[in-house]
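User: I would like to go through this model and check why each label in it is applied. Please set each value against its cut-off.

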Amino acid sequence: MYVLGVETSCDETSVSVTKDGKEVLSNVVLSQIDIHKEYGGVVPEIASREHIKGITYVFDQAMKDAKIEYKDLDLIAVTQGPGLIGSLLIGVNAAKVISLNYHIPIIGVHHITGHIYASNIEHDFEFPLIALVVSGGHTELILMKEHFSFEKLGETQDDAVGEAYDKVARVLGLPYPGGPVVDRLAKQGVEEYQFPRPMIDSDDFNFSFSGLKSHVINLNHNMQQRNEEVHVENFCRSFQEAVTDVLVAKTIKAKDHYQVKQIVVAGGVAANSGLRQKMKERITDIPVYFPSMKYCTDNAAMISVAGYYKYQKEQKYDDFMLNGSGRLDINEGE
Ligand code: KG4
Ligand code: ZN
């Protein structure tokens, strides 16, 4: 089964062809990061315009790389949400055009299910498993008892972890997106500052990062006012240690409670070196899988693969009423 994946939920225009939910024949990602960097964050209106400019090229290149023709596709999977609505609509409408023109069925995919299924490209899911989803917009623990079944155990009560990284980076004067920069600097520093570990011992599977973020930002501000030098590498390291301690502790709690066979870490922050190392050091009884870097950040291969498994489970397609939704629950139908 050849599945065309389309992803335009934020600032990456991406199209991919995968075979049987496993083999990635092409995965073209056109990133707009250099454009948004100037503004210190993604500007929705600019993102939409850039998707429009790039999407035809990205479709063409993905088909060329896969050495396949549109008529040979079996399914089109497109991110329907959540994300920036103006960006989502461009991917959804482009996917509909191909679907209509070549009579290929279409299916809408939740962006986070894509991030989770990125781990099934290079590894094989064994159930039950826990997915820790950590991205710019999400921080969630999800229990999967079988393919394409998602039970949300807990989530952030305020900021997503990637968002906290980006805000801390901004006050430190580091470029956007801050996550990878903070990560790189953290590796060069030591844990000099003691930051709080919010909700680390709470009885649930929820998270909270806004208090930690404010604590870090206030300390930076106070030190600057006192003309004390902020050691940026140590600052980043201390923040990263606090964040990853909480993420790992809550994942272990969920693992023990639900007696799962695997942990998969998903989303942009799964690229974080500190998180990767701490997860592997502290969880040794079951496998912990991280997607390789190219499948961590937004890409269409993960959407294509998730679409394949969604279809296997539900055995139904969407119709042309399929629409983009800026906000969408992981279990919400279309
Ligand atoms: O999943 P993603 O590409 O987009 C969303 O769906 O949100 O995640 C982007 C987020 C950004 O906040 C970015 O700063 C963060 O992932 N990120 C990282 C790292 N690489 C990307 N955060 C910490 N360490 C990293 N190495
Ligand atoms: Zn994402």
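Analyst: The turns below take the metal site, the domains, one glutamate and the salt bridges in order; the model is predicted.

User: What makes His111, His115 and Asp298 donors of the zinc ion (ligand 2)?

Analyst: The cut-off for a zinc donor is 2.8 Å from the metal. His111 (NE2), His115 (NE2) and Asp298 (OD) lie 2.0 to 2.1 Å from the zinc ion, so they count as donors. Water is not among the atoms, so the site may look incomplete.

User: How are the donor residues of the zinc ion spaced in sequence?

Analyst: The spacing is H-x3-H-x182-D. His111 belongs to helix H4 (residues 111-117), while Asp298 sits in the loop between helix H11 (293-296) and helix H12 (300-314). The two are 187 residues apart, and the pair links distant parts of the chain. Both His111 and Asp298 are buried.

User: Which residues make up domain 1 and domain 2?

Analyst: Domain 1 takes in 2-116 + 295-314, and domain 2 takes in 125-290. Their centres, taken over C-alpha atoms, are separated by 27 Å.

User: How do you know that domain 1 and domain 2 are in contact?

Analyst: Contact requires heavy atoms within 4.5 Å. By that rule 16 residues of domain 1 are in contact with 22 residues of domain 2. The two domains bury about 1600 Å² between them, with 76% of it on carbon and sulfur atoms. Three residue pairs are in polar contact across the interface. On the side of domain 1 that touches domain 2, helix H1 (33-37), H4 and H12 each supply at least two residues.

User: Why is the pair Lys313 and Glu146 called a salt bridge?

Analyst: The limit is 4 Å between a side-chain nitrogen of Lys or Arg and a carboxyl oxygen of Asp or Glu. The closest N and O atoms of Lys313 and Glu146 are 3.5 Å apart, so the pair qualifies. The count between domain 1 and domain 2 is one salt bridge.

User: Why is Glu50 called buried?

Analyst: Buried means under 20% relative accessible area. Glu50 has 17% relative accessibility, so it counts as buried. Glu50 is found in helix H2 (residues 44-66). Leaving aside neighbours within four places in sequence, Glu50 is in contact with Gln32 and Ile35.

User: Why is Glu228 partly exposed?

Analyst: The class runs between the limits of 20% and 50%. The relative accessible area of Glu228 is 37%, so this residue is partly exposed. The side chain of Glu228 meets that of Arg226 in a salt bridge, at 2.5 Å from N to O.

User: What makes Arg197 and Asp245 a salt bridge, and where are they?

Analyst: Their closest N and O atoms are 2.9 Å apart, within the limit of 4 Å, and therefore the pair counts. Arg197 is in the loop between helix H7 (178-187) and helix H8 (210-225), and Asp245 is in helix H9 (residues 232-258), 48 residues apart. Arg197 and Asp245 are buried.

User: How do you know that Glu241 and Lys278 form a salt bridge?

Analyst: The N to O distance is 2.7 Å, which is within 4 Å, so the rule is met. Glu241 lies in helix H9 and Lys278 in helix H10 (residues 273-282), 37 residues apart. Both are buried.

User: Which residues are linked in a network of salt bridges?

Analyst: Glu191, Arg197, Arg237, Glu241, Asp245, Lys278 and Arg282 are linked in this way. The structure holds 23 salt bridges.

Terms used:
Residues numbered from 1 in each chain as written. Chains lettered and ligands numbered in written order. Predicted model: local features only at pLDDT ≥ 70, side-chain atom pairs only at ≥ 80, totals over all residues. Heavy atoms only, no water. Donors = N, O, S within 2.8 Å, 3.2 Å for Na, K, Ca; no water. Helix = DSSP H or I, 4+ residues; strand = E, 2+ residues; numbered from the N terminus. Buried < 20%, exposed > 50% of the residue type's maximum accessible area, 1.4 Å probe, protein only. Domains from an automatic or database assignment. Buried area = accessible area lost by both parts, 1.4 Å probe. Polar contact = N/O pair within 3.5 Å; in protein donor to acceptor, adjacent residues only side chain to side chain.
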